[in-house]
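Me: Could you take a close look at one spot in this protein for me? Pick a residue, tell me what surrounds it, and then work outward from there.

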Amino acid sequence: LAWQDQLSPPSLSDTTGLPPDRLEQALAIVATEGLVGFDLSAGAYFHRVLPFRLDRMERLNPRLKSARKLFAAGAVTLGDEVSTVASDGVVHELRIKAGQLTCTCPWYAKHKGARGPCKHALAVELAMEAAHDRE
């Protein structure tokens with residue numbers, strides 16, 4: 001989102017690779033955070049920023065808080081094809097399929113990513129970002 005007067009869902013769908021129905025859901029979620037608005041007269045979303053404290057993110061997303069703890073504890077092992085996260089005495093395996101991390105945990109088995117990534121996937125993403133930053 002780059003301060004556009006209007007956000008085009010078809011264009012955003014192409015850019016993000018999200019199907020149109022998932023993109024509409026994502027825009028609705030982002031709107032609840034105040035990052036986009038919906039102009040009723042124009043019938044279009046627009047980019048906006050409301051004051052938002054980043055320290056609220058962990059309170060709003062307990063999986064992110066858990067992922068940060070896993071990452072800080074060194075529970076993540078990155079691999080070429082399979083990464084692992086040791087959590088609560090279990091080692092979960094994560095693979096990238098179609099651009100998404102899949103996990104062997106019960107959260108992923110139940111939701112298949114429909115409710116966002118599991119804490120293990122978030123921990124792997126944190127580790128991948130850290131590895132990229134070190135390069």
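**Around Ser83**

Reply: Leaving out residues up to four places away in sequence, Ser83 touches Thr77, Leu78, His92, Glu93, Leu94 and Val124. Keep in mind as we go that this is a predicted model. Ser83 sits in strand β4. Its relative accessibility is 7%, and since the cut-off for buried is under 20%, Ser83 counts as buried. The side chain isn't idle in there either: it reaches the backbone nitrogen of Gly79 at 3.2 Å.

Now follow one of those neighbours, Val124. Besides Ser83, Val124 is in contact with Val76, Leu78, Val85, Leu94 and Leu101, again setting aside residues within four places in sequence. Val124 also takes us into the largest nonpolar core, a set of 18 residues. Val76, Val85, Leu94, Cys103 and Val124 are the ones with the most contacts inside that core. Three elements, α4 (62-72), β6 (100-103) and α6 (119-134), each put in at least two residues. The largest share is from α6, with 6 residues. There is also a second core, separate from this one, with 6 residues that include Leu7, Leu27, Val36 and Tyr45.

Back to β4, but this time go past its end. Between β4 (83-87) and β5 (90-97) there is a loop, and Asp88 is found in it. What is the phi of Asp88? It is near 55 degrees, a positive value in a residue other than glycine. Most residues other than glycine have a negative phi. As for burial, Asp88 is the opposite case to Ser83: with a relative accessible area of 73%, it clears the over-50% cut-off, so Asp88 is exposed.

The second core gives us a way into the earlier part of the chain. Tyr45, one of its residues, is in contact with Gln6. Gln6 is placed in the segment before α1 (9-16), and its contacts, leaving aside neighbours within four places in sequence, also take in Ala42 and Ala44. Gln6 and Tyr45 are 39 residues apart along the chain, yet their C-alpha atoms are separated by 5.6 Å. Another pairing of this kind is Leu35 with Arg48: 13 residues apart in sequence, 5.1 Å apart C-alpha to C-alpha. Leu35 lies in the loop between α2 and β1 (36-39), and at 32% relative accessibility it counts as partly exposed.

What about open space? The largest pocket has a volume of about 1,300 Å³. It is lined by 37 residues, and Ile29, Asn61, Arg115, Gly116 and Pro117 are the closest to its centre. Two or more lining residues come from each of α2 (20-32), α3 (57-60), α4, β5, β6 and α6. With 6 residues, α2 gives the largest share. By class, the lining has 20 nonpolar, 10 polar and 7 charged residues. Note that α4, β6 and α6 turn up in this lining as well as in the largest core.

Stepping right back, the protein has 6 helices and 6 strands, in the order α-α-β-β-α-α-β-β-β-β-α-α along the sequence. Buried residues, Ser83 among them, make up 27% of the 135 residues. Of the contacts with a separation of 6 or more, 39% are between residues 24 or more positions apart.

Notes. Residues numbered from 1 in each chain as written. Predicted model: local features only at pLDDT ≥ 70, side-chain atom pairs only at ≥ 80, totals over all residues. Heavy atoms only, no water. Core = buried A, V, L, I, M, F, W, Y, C linked by side-chain atoms within 4.5 Å. Buried < 20%, exposed > 50% of the residue type's maximum accessible area, 1.4 Å probe, protein only. Helix = DSSP H or I, 4+ residues; strand = E, 2+ residues; numbered from the N terminus. Contact = heavy atoms within 4.5 Å. 1 Å grid on protein atoms, 1.4 Å probe; cavity = no way out; pocket = protein on both sides within 12 Å on 5 of 7 lines; lining within 4 Å. Points joined across faces, edges and corners; volume = space filled by probe spheres on them. Nonpolar A, V, L, I, M, F, W, Y, C, P; charged D, E, K, R; others polar. Polar contact = N/O pair within 3.5 Å; in protein donor to acceptor, adjacent residues only side chain to side chain.
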